[in-house]
Amino acid sequence: MKITYLGTAAAEGWPALFCNCEYCKKAKELGGKNLRSRSQALINEDLLIDFPADTYHHVLMNRFDLSAVKHCFVTHSHIDHFEPTDLIMRMESCFAHKMTEPTLHIYGNKAVLDRYNHFVRDTDEEDIPPSVTVNEIEAYDSVKAGKYTVTALPAYHAPKETPFVYIITDGEKTLLYLHDTGIPFDEVFDYLEKNKIRADLISYDCTYVALPSAGGHMGLDSVPLVKQRLESIGVCDEKTVNVVNHFSHNGMLLHDELCEAAEKLGFLVSYDGMTIEF
Ligand SMILES: [Zn+2]
Ligand SMILES: [Zn+2]
Ligand SMILES: [Zn+2]
């Protein structure tokens, strides 16, 4: 299985859109891996996690075939994870020729479906692409999506809705995608243990970076605790690839500094365009 981190920042991006803090200024100066767009990941070439407004930027930067993506699992309705307006561009004949896959199937919670329906209400009927389906799923649903089985688990984040973290498996390899979430609920650890989930790669929310973590996100102080707990119930071991991702400029550490801090704890640091085969 292959994961490509298309965007690795929290909601504001890094540099943040309107920000002149020291860490955004440094990111602009240094460029490269310090420039982080909003959260999205591509699994192999055909499964997407999240659909933010930065999707177009991600296609430009990574030059992949977005029309080849058959399934998109949305974590929650926050704008850095789901912005449906550009789905208009999946209109055969006018905006999109010779698409690889006839239909893009999107899955998400009720808030994601509501957001999509809101977009549909505000859009002229002829602009609503017939080649997109949006399907509501609930926590603990397992969806068969082509060769993948994707299971939604409740995230500790955004209490107005039920956000999801996901287990994605192709039968051979398993990815545990922990975005956006604070330290997961006990029931999530229980589910993973009871169902004997073993992850080959775990992607951890690390929004707070060097700040003390709180509420619905984690940081460098909490991800080692979660990793330890996952190890203790057999979800991961020394073969598992552990990655931190989804960083806020408020967390202060630029890419190289963050690598130094995270690698000591046993984590790789994602950057926009990073690909990992596992
Ligand atoms: Zn986010
Ligand atoms: Zn800033
Ligand atoms: Zn969020």
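The largest nonpolar core has 39 residues, and Leu176, Leu192, Ile202, Tyr204, Leu230 and Val244 touch the most other members. A nonpolar core here is a set of buried Ala, Val, Leu, Ile, Met, Phe, Trp, Tyr and Cys residues joined through side-chain atoms within 4.5 Å. Buried means under 20% relative accessible area, exposed means over 50%, and partly exposed lies in between (1.4 Å probe, protein chains only). The model is predicted: local features need pLDDT of at least 70, side-chain atom pairs count only at pLDDT 80 or more, and totals for chains, interfaces and linings use all residues. Residues are numbered from 1 along each chain as its sequence is written, chains are lettered from A and ligands numbered from 1 in the order in which they are written, and side-chain values use heavy atoms, with hydrogens and water left out.

Two or more residues of this core come from each of α1, β9 (164-169), β10, α4, β11 (201-205), α5 (223-232) and α6. Helices (H or I, at least four residues) and strands (E, at least two) are DSSP runs, numbered from the N terminus. Helix α4 gives the largest share, 4 residues. A second, separate core of 25 residues includes Met1, Ile43, Phe164 and Ile276. Back in the largest core, Ile202 touches Leu176, Leu178, Leu230, Val235, Cys236, Thr240, Val241, Asn242 and Val243, not counting residues up to four places away in sequence. Contact means heavy atoms within 4.5 Å.

The metal sites come next. The zinc ion (ligand 1) has as protein donors Asp80 (OD), His81 (NE2), Asp180 (OD) and His246 (NE2), lying 2.1 to 2.2 Å from the ion. Donors are N, O and S atoms within 2.8 Å of the metal (3.2 Å for Na, K and Ca); water is not among the atoms, so sites may look incomplete. Along the chain these donors follow the spacing D-H-x98-D-x65-H. The angles among the 4 donor atoms run from 88 to 159°, and the site is irregular. Four donors count as tetrahedral if all angles lie between 85 and 135 degrees; four count as square planar and six as octahedral if opposite donors are over 155 degrees apart and all others between 65 and 115; anything else is irregular. His81 lies in the loop between β4 (71-73) and β5 (104-108), and Asp180 in the loop between β10 (174-178) and α4 (186-194), so the pair ties together parts that are 99 residues apart in sequence. Both His81 and Asp180 are buried. Asp180 also bridges the zinc ion (ligand 1) and the zinc ion (ligand 3), which lie 3.6 Å apart.

His217, in the loop between β11 and α5, is in contact with two of the donors of ligand 1. Leaving out residues up to four places away in sequence, His217 touches His157, Asp180, Thr181, Gly182, Asp205, Thr207, Tyr208 and His246. The His217 side chain makes polar contacts with the side chains of Asp205 (2.9 Å) and Thr207 (2.8 Å). A polar contact is a pair of N or O atoms within 3.5 Å; within protein, one must be able to donate a hydrogen and the other to accept it, and residues adjacent in sequence count only if both atoms are side-chain atoms. His217 is buried, with a relative accessible area of 17%.

Another buried residue with a polar contact is Ser77, at 14% relative accessibility, in the loop between β4 and β5. The side chain of Ser77 makes a polar contact with the side chain of Glu161 at 2.6 Å.

The zinc ion (ligand 2) has as protein donors Cys19 (SG), Cys21 (SG), Cys24 (SG) and His249 (ND1), at 2.1 to 2.3 Å. The site is tetrahedral, with angles of 100 to 117° among its 4 donor atoms. Ideal angles are 109.5 degrees for four tetrahedral donors. The donor residues are spaced C-x1-C-x2-C-x224-H in sequence. Cys21, in the loop between β1 (2-7) and α1 (22-30), and His249, in the loop between β12 (241-245) and α6 (255-264), are 228 residues apart, and the pair links distant parts of the chain. Cys21 is partly exposed at 22% relative accessible area, whereas His249 is buried at 9%. Cys19 is buried as well, at 17%. The whole structure holds 0 disulfides, a disulfide being a pair of cysteine sulfur atoms within 2.5 Å.

Asn250 also lies in the loop between β12 and α6, and is partly exposed, with a relative accessible area of 45%. Leaving aside neighbours within four places in sequence, Asn250 is in contact with Glu12 and Leu211.
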